[in-house]
Amino acid sequence: MLFNSYIFIFLFLPIALLGWYGFNRIKCYQGAQVFLVGMSLWFYAYFNVSYLPIILFSCAVNYLLSALLAKAEKHVRARMDNGTDGRDTAQKRKADTNAGASVNADFLPRYRRIVRVAGCVCNLGILGYFKYYDFFIENLNAALSADFSVRHILLPLGISFFTFQQLSYLLDRCRGEAEHYGIVDYMTFVTFFPQLIAGPIVLHSELVPQFRDREKRTFCADSFARGIAYFVIGLSKKVLLADLLAKPADFGFANIGGLDSLSLALSALAYMLQLYFDFSGYCDMAVGIGKMFGIELPQNFNSPYKSVSVRDFWRRWHITLGRFFTAYVYIPLGGSRRGKLRTMRNTMIVFFLSGLWHGANWTFVAWGLLYGLAMVVNILHPVSEKDGKKHVFGHIVTFLFHYLSLIIFRSDTLVDAFRYIKGLISMTYFHSLQAVAGAVEVPELYIVEKFLSMRAPQYVVTLHMAELFAALAVGMLLITRKNARQMVEGRVLTGRFALSLAILFAWSVISLSGVSIFLYFNF
């Protein structure tokens, strides 16, 4: 089910909110969570019911591993406590305690290692089969001139997100940093629908304590109002900007050989803005829905286009993914504690995995390695944010680097990416921009376009050009302004702000006739 759809906005979300607060009002707290899990599974299965057994199997495997670890921990505690009652002699108590300590020092760490390995194999195995099997077979066939069959496996929505979320919990369990939750708490943590499909990637320590907090089960008008504000801002980003910019972007990448340099440049710019408004819009809506339920979800974007370096950019872009790789890959590899060479190696590994996480294509791997190299350059030559001249220069370089890297990210193949960049720097011009602009369709101006096509057809191209440049200009302006969090948090929600939101919401709903999926559903 899509956030930007009539069924979600006018049916699913009201039912979910009424049920959640209804159960909590009668103090049926466990029932409220069970209801929420049920609604979340409906939300997930709505896309394709065949996805449902996959996420349930994934949850069952991870919960079972956590339960086995909990049983081992219980056994160790019982062994430690054995023989400590008052009837035992001091000598026996000392001997039993030493024996228990020996078990604790040897058995539990070994058992945790086994569970950690099993968890990584199971989770990455499931993810690898559905996401990378065909990619692996295709490359194996190419390398060995073999003819292994490709299965064309359908990628379950959100599998990268809910797999990483569960893996983070299991790794924390193996570190002794997380308790074994009850099945209802665990399922609520994994399936909570606002962040289930495309993030943000939430840690158990952020979500489960909130569901256990009875005070958060009471309706809060202020939190609900701010949640609506987040949702409307995100919805308008997606519907009014991302979907509009998608058309010239798709046209440009589908017709590389037939476009001049200016057309390619603007198509790539359209994709850069589309990707940001699409993904950050989804995350804004997820945060907003969470607040409607009284749940705080983490920020996933923090004005990334205000970055002054690549390193700064990755502190602001897809924050929760970067946090995951830092905590569970970079730091376990040694982080930056063992000299610059190890730091650079660990950085390259993290960005290679980050690229591969985005999809089974060499373009994503190349994009990740390119960012890894840029991060290495930042490590060797750090950029000071206090130096005004360097700040401006760093901002421009970071923007251009990200802009060019997304050409590789968006292209279907590396060959297409090189063709695109070659065409971009060839400095050719043969009026192909009209074709790119012609791909733009603004529903609100449909009547104007029809009138011009009948009365003054020579001005239709001018209208399309104006629509394209206006969309790009608005997008470029917005990325320099306050982000959703800055607009919503820490301010009084005035009537003027509410009126602006109402206009945006009405405009977005009217435009929902062209419902489209979010880009990160494909990752």
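Reading the labels in this structure

User: What makes Asn-361 a cap of helix H13?

Analyst: In this predicted model, a side-chain oxygen of Asn-361 lies 3.0 Å from the backbone nitrogen of Thr-363. A polar contact needs an N or O pair within 3.5 Å, and the 3.0 Å distance meets that; Asn-361 therefore caps the N-terminal end of H13.

User: How do you know that the span of H13 agrees with its number of residues?

Analyst: H13 covers residues 362-380, which is 19 residues. At 1.5 Å a residue the helix should span 27 Å, and its end C-alpha atoms are 27 Å apart, so the two values agree.

User: Which residues of H13 are buried?

Analyst: Among them are Thr-363, Phe-364, Trp-367, Tyr-371 and Ile-379. Two glycines, Gly-368 and Gly-372, are also on the list of buried residues.

User: Why is Asn-24 called buried?

Analyst: The relative accessible area of Asn-24 is 5%. Buried means under 20%, so Asn-24 is buried. Asn-24 lies in helix H1, residues 6-25. Leaving aside neighbours within four places in sequence, Asn-24 is in contact with Tyr-29, Ala-32 and Arg-217.

User: Is Arg-25 buried or exposed, and what makes it so?

Analyst: Arg-25, which also lies in helix H1, has a relative accessible area of 74%. The cut-off for exposed is over 50%, so Arg-25 is exposed.

User: Why does Val-49 count as exposed?

Analyst: Val-49 has 58% relative accessibility, and exposed means over 50%, so the label follows. Val-49 is found in the loop between helix H2 (29-45) and helix H3 (52-81). The C-alpha atoms of Val-49 and Gln-210 are separated by 29 Å, with the two residues 161 apart along the chain.

User: Why is Cys-122 not in a disulfide?

Analyst: The closest cysteine sulfur to that of Cys-122 is in Cys-120, at 9.6 Å. A disulfide needs sulfur atoms within 2.5 Å, so 9.6 Å is too far for a bond. A search of the whole structure finds 0 disulfides.

User: What makes Cys-122 partly exposed, and why is Cys-283 called buried?

Analyst: Cys-122 has 30% relative accessibility, which falls between the 20% and 50% cut-offs, so Cys-122 counts as partly exposed. Cys-283 has a relative accessible area of 3%, which is under 20%, so Cys-283 is buried.

User: Which element has the lowest mean pLDDT?

Analyst: Helix H4 (residues 90-144) has the lowest, 79, and helix H6 (residues 183-191) has the highest, 96. The mean pLDDT of the protein chain is 89, and 93% of its residues reach 70 or more.

Definitions and conventions: Residues numbered from 1 in each chain as written. Predicted model: local features only at pLDDT ≥ 70, side-chain atom pairs only at ≥ 80, totals over all residues. Heavy atoms only, no water. Helix = DSSP H or I, 4+ residues; strand = E, 2+ residues; numbered from the N terminus. Expected span 1.5 Å × (residues − 1). Buried < 20%, exposed > 50% of the residue type's maximum accessible area, 1.4 Å probe, protein only. Polar contact = N/O pair within 3.5 Å; in protein donor to acceptor, adjacent residues only side chain to side chain. Contact = heavy atoms within 4.5 Å. pLDDT = per-residue confidence, 0-100.
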